[in-house]
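Welcome! Take a moment to look over the sequence and the model shown below, and then we can walk through some of its features together.

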Amino acid sequence: MRAIMIQGTASDVGKSVLCTALCRIFANDGYRVAPFKSQNMALNSYITKDGGEIGRAQGVQAEAAKIEATTDMNPILLKPKGDMVSEVILHGKHFANMDAMSYRENFVEQVMPEVRSSLERLSKDYDVLVLEGAGSPAEINLKSRDIANMRMAHETDAAVILVADIERGGVFASLVGTLMLLDESERARVKGIIINKFRGMKELLTSGIDWLEDYTGIPVLGVIPYIDVQIEAEDSLALSSLRLKKPLASEFAIDVAVIHLPRISNFTDLDPLFEEPGVGVRFVSSLKDLKKPDVLIIPGTKNTVEDFLWLQQTGLMQGILQLQHTNIRIVGICGGYQMLGETLRDEQAIEGSGGTYVALGLLPIETTFIDEKQTIQVHGITCTGHMVSGYEIHLGRSEMLSAVQPFIEFEDGRTDGVYTEKVIGTYVHGIFQNREFTRSYFNEIRENKGLELISEAVLSDFERREQAYEMLDTHVRKHLNMEKIYELLA
């Protein structure tokens, strides 16, 4: 197989976005290209067409490559549950809940044949594989069981490109330090360096780049200027950059408060809100910051029960209940939807130590947690008349305790969620990515506040993503030595 691998000096240096860019570049150049990451740790997941669960980055990279995502592109997904325990998802399905020691000592070697099988299938169907590493390849305490970095480079005979984020500072030290901690065979795999997220005059870097190439013997293949491209993130570190996209919500006509749950997951549900004109988004983790927003959103969570108990402990539960008597609108997504109901039943101790909990009581539903995860892509129409699509990923099953207005009717006849004048609850992730629905929702708020409605055309989320992938292609191609990249593939 022909493979190239992007590894980084640390987490959040831009590996996922650069892999996305390469997938689109190769696809646009006529290659059949697929992404691959052997092991991913993320709470932001992607549901494949056949209901498998993989890291969101590989789903996005498959879109950029103009192909359907499959579980072979991320055979192992770890979803942290807290207290050093993660849910292990193997080939898209729940395998086990495992502590870190058991995973490293017992599971990693057992699962390598599954990883190799995924690589075999991909190599038969595609011309080029774009591999993504995880964190850093130089974590000394983890290297013996690291199957996401150099081991995958050896398995695929991939040329490795090492990426560093200059925004963090110390870019030369991080690159040299990483290379020094690799063994000889690993260093030999590193064929190029990328300095990412650069701001300023490239000429000021010239002397440093010359020194780096002379000292390491490895060419710098590109200095990629910072670009604010709307590509979905999967790492919770990206939440801090989300906060920077807009100033304080007080400067906007519509104030949206998002409860920053400790175990927040699939936070890309919120991305479209940052792009809606006149809407300010802020994250709330304490009662004093709650105030009186126009819209309150309780997002998805990896552990509904534990995060609901956190709501109680922080006083946010009582604050939310007091707000219901105002004109505030409330949206609960997945775990947030479950919290809006009357009861959370965890008698099998799926989410915690077990028990039954009295929830917010804003919707007439009762949720029971069972050890069977629902993962499916969905399409339907809302009770407001908007065609929507998204995906479900949850353990709980919610039962209606009285007659309600379902929020969505799916193509298969099932219904989802509850819709009232002030409260919406839904299991569907990605609901705000349906831009016509989102624009209509906020226009209702604008009308109620006496604000001017926005009537300009709304690009679909697919069109927005395609624009982002093409922008990435143009941007990265301009600043990366693609001739050298193709030499490495050859």
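Which residue in E14 does aspartate 255 stand opposite? The partner of aspartate 255 is glycine 280. Please keep in mind along the way that this is a predicted model.

**The open sheet and its surroundings**

That pair belongs to two strands, E13 and E14, which run parallel and are joined by 6 bridges. Both strands are part of an open sheet of 6 strands, with the order E14-E13-E15-E16-E24-E23 and mixed pairing. At the edges sit E14 and strand E23 (418-419), each of which pairs on one side only.

Helix H10, made up of residues 316-323, is a good place to go next. Why can we call H10 largely enclosed by the rest of the structure? The reason is that 6 of its 8 residues are buried. These are Leu316, Met317, Gly319, Ile320, Leu321 and Leu323. The elements that they pack against include several strands of the open sheet: strand E13 (254-259), strand E14 (279-284), strand E15 (295-298) and strand E16 (329-333). Helix H9 (304-314) and strand E18 (355-358) are also packed against the buried residues of H10.

Ile320 turns up again in the largest nonpolar core, which has 63 residues. Together with Val256, Ile259 and Leu360, Ile320 touches the most other members of that core. Apart from this core lies another, of 50 residues, with Ala34, Met98, Tyr103 and Ile147 among them. Returning to valine 256, we find that, if residues up to four places away in sequence are not counted, it touches Leu273, Val279, Gly280, Val281, Arg282, Val295, Ile297 and Phe442.

**A hairpin and a bent helix**

Now to another part of the chain. Strand E7 (residues 85-90) is largely enclosed by the rest of the structure, because 5 of its 6 residues are buried. E7 is joined by 6 bridges to strand E8 (residues 93-99), and the two run antiparallel. One bridge pairs valine 88 with alanine 96 in E8. The two strands form a hairpin with 2 residues between them, and histidine 91 is in the turn. Although histidine 91 is not a glycine, it has a positive phi of about 50°. Alanine 349 is not a glycine either, and its phi is positive too, at about 55°. Alanine 349 lies in the loop between strand E17 (343-346) and E18.

Helix H3 (residues 100-125) is not straight throughout: at phenylalanine 107 it bends by about 55°. At the start of H3, a side-chain oxygen of aspartate 99 comes to within 3.1 Å of the backbone nitrogen of methionine 101. The buried residues of H3 are Tyr103, Phe107, Val108, Val111, Met112, Val115, Ser118, Leu119 and Leu122. In an α-helix there are 3.6 residues a turn, so residues three or four places apart point the same way.

Which residue makes a polar contact with the side chain of serine 118? The side chain of aspartate 72 does, at 2.8 Å. Aspartate 72 lies in the loop between helix H2 (56-64) and strand E6 (76-82). Leaving aside neighbours within four places in sequence, aspartate 72 is in contact with Phe36, His91, Ser118, Arg121 and Leu122.

**Four loop residues side by side**

Here is how four residues in loops compare in exposure.

| Residue | Relative accessible area | Status |
|---|---|---|
| Aspartate 72 | 12% | buried |
| Histidine 91 | 21% | partly exposed |
| Alanine 349 | 35% | partly exposed |
| Aspartate 157 | 57% | exposed |

Aspartate 157 is found in the loop between helix H4 (150-156) and strand E10 (159-165). How far apart in space are aspartate 157 and arginine 435? They are 43 Å apart, C-alpha to C-alpha, and 278 residues apart in sequence.

**A β-α-β unit**

Our last stop is a right-handed β-α-β unit, made by E11, helix H7 (residues 206-216) and E12. Strand E11 (residues 190-198) pairs with E12 in the parallel sense, over 5 bridges. Phenylalanine 198 has proline 225 in E12 as its bridge partner. Strand E12 (residues 220-225) is mostly covered, with 5 of its 6 residues buried.

Key
Residues are numbered from 1 along each chain as its sequence is written. This is a predicted model: local features need pLDDT of at least 70, side-chain atom pairs count only at pLDDT 80 or more; totals for chains, interfaces and linings use all residues. Side-chain values use heavy atoms; hydrogens and water are left out. Buried means under 20% relative accessible area, exposed over 50%, partly exposed in between (1.4 Å probe, protein chains only). Helices (H or I, at least four residues) and strands (E, at least two) are DSSP runs, numbered from the N terminus. Contact means heavy atoms within 4.5 Å. A polar contact is a pair of N or O atoms within 3.5 Å; within protein, one must be able to donate a hydrogen and the other to accept it, and residues adjacent in sequence count only if both atoms are side-chain atoms. Two strands pair if DSSP finds at least two bridges between them. The bend at a residue is the angle between axes fitted to the seven residues ending there and the seven starting there. A nonpolar core is a set of buried Ala, Val, Leu, Ile, Met, Phe, Trp, Tyr and Cys residues joined through side-chain atoms within 4.5 Å. A crossover is right-handed if, with the strands pointing away from the viewer, the path from the first strand over the helix to the second runs clockwise.
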